[in-house]
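Thanks for coming, everyone. I have one structure for you today. Let me put it on the screen.

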Amino acid sequence: MKILISNDDGYQAPGIVALYEALKDVGDVEVVAPEQNNSAKSNALTLHSPLYVHRAANGFRYVNGTPADCVHIALTGLLGYRPDLVVSGINNGANMGDDTIYSGTVGAAMEGYLFGVPAIAFSQVEKGWQHIDAAARVARELVQRMAQQSLVGTTPWLLNVNVPNRPFDQLKPLKACRLGRRHAAEQVITQLSPRGETMYWIAGAGPAKDDTEGTDFHATAQGHVSMTPLQIDLTDHDHLRYWSQTAARLAADAGPPA
């Protein structure tokens, strides 16, 4: 089994080092990750400046770009082969609910999925890397079990996994969940620069709005490892018929071209 590892915290982050150590004897593992922290870069690709790839002393390759850049160039020529699995993480902090839209960790995994490769994004619920060994063991065992059940290297899928910061023996079983929702973000933070100009800092994401049973927020709060299958199709299928009828009315009202 050939595994590509990436992340958004950068190639030197404890999370990706722990993930590599956990998976290095599960298959043939390559690491291609950002040079610097690229949190909240989502699926951004660098299109207007060149990307460079360097190899670190530990064998990891790092790129002066985004998480999606790393996976994209790995799959379009850098590796020279197609991996069976893309694994992203382990992220320093949760990627649940609406956070998945902004997450570079999820973005890296999603890039693999867009190329038809099964992909998993792993995150710890709290920042600080506490019990990172337990999260890495969860990743190792999940990948091994999926390989044993022939789920790797077949039809592509995209999973988002969040692991509570607990010792391994205190983690509750894997639980399939839907994404929760958050309240609107906290108020933007303003400061004056030394030149007297106003600076704006994006504030925190805000508390959970929907953390009811069945959500990733609820599962991890109870100590479970949450697993959410994700999809890329953003079409509002439930209301597509309504908007088709609305489009027809709007077209009829427009009249002939001027």
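I will go through the sheet, then one helix, then the annotated site, and finish with some backbone details.

One point before we start. This is a predicted model.

Let's take the sheet. Nine strands make up an open sheet, with mixed pairing. Read across, the order is β3-β4-β2-β1-β5-β6-β7-β13-β8. Which strands stand at the edges? They are β3, residues 53-55, and β8, residues 172-176. Each has a single partner strand, so one side of each is left without a neighbour in the sheet. On average, neighbouring strands are turned by 20° against each other, direction ignored.

Now look at the strands around β1. On one side, β1 and β2 run parallel, joined by four bridges. Strand β2 covers residues 28-34. For a register mark, Lys2 stands opposite Asp28 in β2. β1 also runs parallel to β5, again with four bridges. There, Leu4 has Val86 as its bridge partner. Step across once more. β5 pairs with β6, residues 119-124, in the parallel sense over four bridges. Val86 turns up again here, with Ala119 in β6 as its bridge partner.

How many residues of β5 are buried? Seven of its seven. As a reminder, in a regular strand the side chains alternate between the two faces of the sheet.

Next, helix α2, residues 67-78. Its buried residues are Pro67, Ala68, Asp69, Cys70, Val71, Ile73, Ala74 and Leu75. What covers them? The cover includes strands β1, β2, β3, β4 and β5, together with helix α4. Just after α2 comes Gly80, with a positive phi of about 85°.

On to the annotated site. UniProt, in an unreviewed entry, places the feature "binding site" at Asp8, Asp9, Ser39 and Asn91. In sequence these residues span 84 residues. In space, no two of their C-alpha atoms are more than 9.1 Å apart, so they gather at one spot. Asp8, Asp9, Ser39 and Asn91 are also included in the lining of the largest pocket.

Let's look at the two aspartates. Asp8 sits in the loop between β1, residues 2-6, and α1, residues 14-23. Asp9 lies in the loop between β1 and α1 as well. Are they buried or exposed? Asp8 has 3% relative accessibility, so it counts as buried. Asp9 has a relative accessible area of 13%, and is buried too.

Who touches them? Setting aside residues up to four places away in sequence, the contacts of Asp8 include Ser39 and Asn91 from the annotated set. Pro34, Pro67, Gly104 and Thr105 are also among the residues that Asp8 touches. With sequence neighbours within four places left aside, Asp9 is in contact with Gln36, Asn37, Ser39, Ile90, Asn91, Asn92 and Trp129. One polar contact to mark: the side chain of Asp9 reaches the backbone nitrogen of Asn92 at 3.0 Å.

Keep Ile90 and Trp129 in mind, as both appear in that contact list for Asp9.

Backbone details, then. Most residues other than glycine have a negative phi, and most peptide bonds are trans. Which two residues does a cis peptide bond join here? Gly89 and Ile90, with omega at about -5°. Ile90 lies in strand β5.

Then there is Trp129. Trp129 is not a glycine, yet has a positive phi of about 70°. Trp129 is in the loop between β6 and α5, residues 132-148. At 18% relative accessibility, Trp129 counts as buried.

Ala40 is another case. Its phi is positive, about 65°, although Ala40 is not a glycine. Ala40 belongs to the loop between β2 and β3. With 56% relative accessibility, Ala40 counts as exposed. Ala40 is also among the residues that Asp8 touches.

Last stop, His224. His224 is in strand β13, residues 224-229. With a relative accessible area of 16%, His224 is buried. A polar atom of its side chain lies 2.9 Å from the backbone oxygen of Pro173. Not counting residues up to four places away in sequence, His224 touches Asn162, Pro164, Lys172, Pro173, Lys175 and Ala219.

That's my tour. Questions are welcome.

Methods. Residues numbered from 1 in each chain as written. Predicted model: local features only at pLDDT ≥ 70, side-chain atom pairs only at ≥ 80, totals over all residues. Heavy atoms only, no water. UniProt positions renumbered as here; feature names shortened; annotations may be inferred. 1 Å grid on protein atoms, 1.4 Å probe; cavity = no way out; pocket = protein on both sides within 12 Å on 5 of 7 lines; lining within 4 Å. Buried < 20%, exposed > 50% of the residue type's maximum accessible area, 1.4 Å probe, protein only. Contact = heavy atoms within 4.5 Å. Polar contact = N/O pair within 3.5 Å; in protein donor to acceptor, adjacent residues only side chain to side chain. Pairing = 2+ DSSP bridges. Axes fitted to C-alpha atoms, helices over the stretch in contact; angles between N-to-C directions.
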